[in-house]
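Me: I would like to go through this structure slowly, asking at each step what a word means and how one can tell that it applies.

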Amino acid sequence: MSEHSAGDTAVSPRSWPVRVLAETWRRRVELLRFGTVGGVAYVVNLAVFNLLLHGPAPFDVLSHKPVTVNVIAVAVSTLVAWLGNRYWTFAAHRTTRHVRELVEFGLVNIGGLVISSACLAFSRYVLGLDSPLADNVAANGVGLVLGMVFRYVMYRAVVFRGDR
């Protein structure tokens with residue numbers, strides 16, 4: 001005799017890929033907004049990064065310090081991203097504690113900065129790649145994509161949770 005009676009219908013839990021796809025579909029508008037804000041912040045980051053690292057005088061003052069330039073570019077783009085995410089992407093979940101939210105946002109972005117800077121430092125100092133293309137692929141390609149995943153998860157879990 002089986003463990004289940006004839007009338008029992010075993011409901012198997014959905015597999016993790018199905019759950020992830022369902023959750024992604026449910027959050028599609030939020031994800032599109034997050035991507036749009038991220039795209040604008042990315043353009044700001046890219047412009048500041050390239051202007052300071054590979055731009056003409058007087059903007060090239062820090063051209064010998066690529067990681068410092070990356071930190072500056074990320075700081076500027078972080079402010080752009082906070083405004084966009086606070087007032088558009090996660091508007092329904094923002095807090096009334098602006099300063100706390102900005103500090104948490106900043107801390108999460110430091111995590112993203114560490115990821116991006118580690119990719120750039122690895123490319124420059126371990127692989128010895130120092131062309132504008134290599135710098136951009138490392139910091140603004142691989143680093144920002146990995147940092148983006150980290151930031152989205154942390155924004156949802158830590159920063160934009162509504163008033164608590």
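**Questions about terms and values**

Over residues 33-160 the chain is 80% helix and 0% strand, and the end C-alpha atoms of this stretch are 14 Å apart. Helices (H or I, at least four residues) and strands (E, at least two) are DSSP runs, numbered from the N terminus. The model is a predicted one, in which local features need pLDDT of at least 70 and side-chain atom pairs count only at pLDDT 80 or more, while totals for chains, interfaces and linings use all residues. Residues are numbered from 1 along each chain as its sequence is written, and side-chain values use heavy atoms, with hydrogens and water left out.

Me: What makes residues 33-160 a stretch with a name of its own?

Reply: The name comes from an unreviewed UniProt entry, which annotates residues 33-160 as "domain: GtrA/DPMS transmembrane". The same kind of record, also unreviewed, gives "transmembrane region" for residues 31-55, 67-84, 105-125 and 137-154. UniProt positions are given in the numbering used here, feature names are shortened, and annotations may be inferred rather than shown by experiment. In the model, residues 31-55 are 96% helix and 0% strand, with end C-alpha atoms 33 Å apart, and residues 105-125 are 100% helix and 0% strand, with end C-alpha atoms 29 Å apart.

Me: How do you know that the span of α4 agrees with its number of residues?

Reply: The expected span of a helix is 1.5 Å times one less than its number of residues. For the 29 residues of α4 this gives 42 Å, and the end C-alpha atoms are 40 Å apart, so the two values agree. After α4 comes glycine 128, whose phi is positive, near 75°.

Me: Why is valine 103 called partly exposed?

Reply: Buried means under 20% relative accessible area, exposed means over 50%, and partly exposed is in between (1.4 Å probe, protein chains only). Valine 103, which is found in helix α4, has a relative accessible area of 46%, and is therefore partly exposed.

Me: Which word fits methionine 148, buried, exposed or partly exposed?

Reply: Methionine 148, in helix α5, has a relative accessible area of 38%, so it is partly exposed. Its C-alpha atom is 9.2 Å from that of glycine 35, although the two are 113 residues apart in sequence. Leucine 146 is also in helix α5, and its value of 47% makes it partly exposed.

Me: What makes a space in the model a pocket?

Reply: On a 1 Å grid over the protein atoms alone, a cavity is a set of points where a 1.4 Å probe fits but cannot get out, whereas a pocket is an open set with protein on both sides within 12 Å along at least five of seven lines; lining residues have an atom within 4 Å of a point. The largest pocket has a volume of about 330 Å³, and of its 21 lining residues the closest to its centre are Gly38, Ala41, Tyr42, Leu144 and Arg151. Helix α5 supplies the largest share of the lining, seven residues.

Me: What is the bond from alanine 57 to proline 58, cis or trans?

Reply: The peptide bond from alanine 57 to proline 58 is cis, with omega near 5°, and proline 58 is in the loop between α2 and α3. Most peptide bonds are trans.

Technical notes: Grid points are joined across faces, edges and corners, and a volume is the space filled by probe spheres set on the points.
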